[in-house]
Amino acid sequence: MKLGIVGLPNVGKSTLFNALTAAKAEAQNYPFCTIEPNIGVVPVPDKRLNLLSELVNPEKITHATIEFVDIAGLVKGASKGEGLGNKFLSHIREVDAIVHVVRCFKDKNVTHVEGKIDPIADIETINLELMLADLEMIENRLKKVEKAVKGDKSYKKEYGLLNTLEDCIENEQPLRSLNFSDEELNLIKSFSLLSLKPILYVCNISEDDLLDEKNNQYVDQVKEYAKKENSEVIIISAKIESEISQLNEDEKKEFLAELGLKESGLDKLIRTSYDLLGLMSFLTAGPKEVRAWTINKNTKAPQAAGKIHTDIERGFIRAEVINYKELLKSGGTNKAKEKGLVRLEGKDYIIQDGDVVLFRFNV
């Protein structure tokens, strides 16, 4: 699953990406520094793995991962090919969700592509370009469906839905602001509509504002905007996160303590992004490995087993399940079984976040 990091030029996208991935993507003070997208796979922070490893002492620990893509900065007219618009739009079609970095800091040494700090204008610039690209696709599809529906009434639902999408965009609302049924989502999923993708707004603030973010009027504006489309907002200082990413674990803890923070902004960003994609983790714990496995929420046991190996899904018999907290409290799997805390679940069981699972199968 991929998340695309987007934003206008010089808002801190590549600095944030560098901190996330330690990939040293180029970050300079001029537009279009990022042309081809940089890609980085990052581990999802999960303290449960460390706690379980203390219990079972495994040979290794393996975290769940997600992929971030640093996409070229966008400017007005991208939907018509301005700047690197065509590249931007093609790259964003390939991601599952959007992390939109918004500049909420003043710095005379870092130019703003529009000449002033205005986070809502920045957000609307990108949202408008995504909507215009969607509108072009919708209108092209409507022309075909309009002809087809005259001879084949099975196109009637799609025709009505396309008109709803067109109305939404003409009212300058991104498609993510609509509520769709599963049937409707299946009808339009092949269109790769850009403004339908879930979005997380990241307010990039200064080091000074990090200590007192409540006084940042730009952040308040972004929160108010995001509320209208039920999107989430997190606050980060990309510059500070870049510095933190260079520290070892002990130095990192000390630095965060000095700032009065319990976790880094990056950890929060990764976890929030994971949730934005509708993902969660189940766990396996044994002497060889303690591991988090990524699945979609509401995944049933056999399909979760398939994430480990297709043979396990094919030959699924049952799942032995215990919540990680109960396992830790019990002091181990054998003791948990003695206490009757390990449950036997069948094919219809929906795996819960934090379940420690042992799959039984036969092929």
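**Exercise 1. Determine which residue just after helix α10 takes a positive phi, and describe how the helix starts.**

Solution. In this predicted model, Gly 260 follows directly after α10 and adopts a positive phi of about 75°. At the opposite end, where α10 starts, a side-chain oxygen of Asn 248 comes to within 3.2 Å of the backbone nitrogen of Asp 250.

**Exercise 2. Establish which residues of α10 are buried and how they are arranged around the axis.**

Solution. Step one: helix α10 spans residues 249-259, and its buried residues are Lys 252, Leu 256 and Leu 259. Step two: these residues cover an arc of only 60° around the axis, so they lie on the same side of α10. Step three: the face turned away from that buried side carries the exposed residues Asp 250, Lys 253, Glu 254, Ala 257 and Glu 258.

**Exercise 3. Characterise the largest pocket by its volume and its lining.**

Solution. The volume of the largest pocket is about 860 Å³. Its lining comprises 26 residues, and Pro 45, Glu 249, Lys 252, Ser 264 and Asp 267 lie nearest the centre. Among the elements that each supply at least two lining residues are α10, α9 (238-244) and α11 (265-276). By class, the lining divides into 12 nonpolar, 4 polar and 10 charged residues.

**Exercise 4. Find how many disulfides the whole structure contains, and examine Cys 203.**

Solution. The search of the whole structure yields 0 disulfides. For Cys 203, the nearest cysteine sulfur belongs to Cys 104 and is 3.9 Å away, whereas a disulfide requires two cysteine sulfur atoms within 2.5 Å. Cys 203 is buried, with a relative accessible area of 0%.

Key: Residues numbered from 1 in each chain as written. Predicted model: local features only at pLDDT ≥ 70, side-chain atom pairs only at ≥ 80, totals over all residues. Heavy atoms only, no water. Buried < 20%, exposed > 50% of the residue type's maximum accessible area, 1.4 Å probe, protein only. Helix = DSSP H or I, 4+ residues; strand = E, 2+ residues; numbered from the N terminus. Arc of directions from axis to C-beta. Polar contact = N/O pair within 3.5 Å; in protein donor to acceptor, adjacent residues only side chain to side chain. 1 Å grid on protein atoms, 1.4 Å probe; cavity = no way out; pocket = protein on both sides within 12 Å on 5 of 7 lines; lining within 4 Å. Points joined across faces, edges and corners; volume = space filled by probe spheres on them. Nonpolar A, V, L, I, M, F, W, Y, C, P; charged D, E, K, R; others polar.
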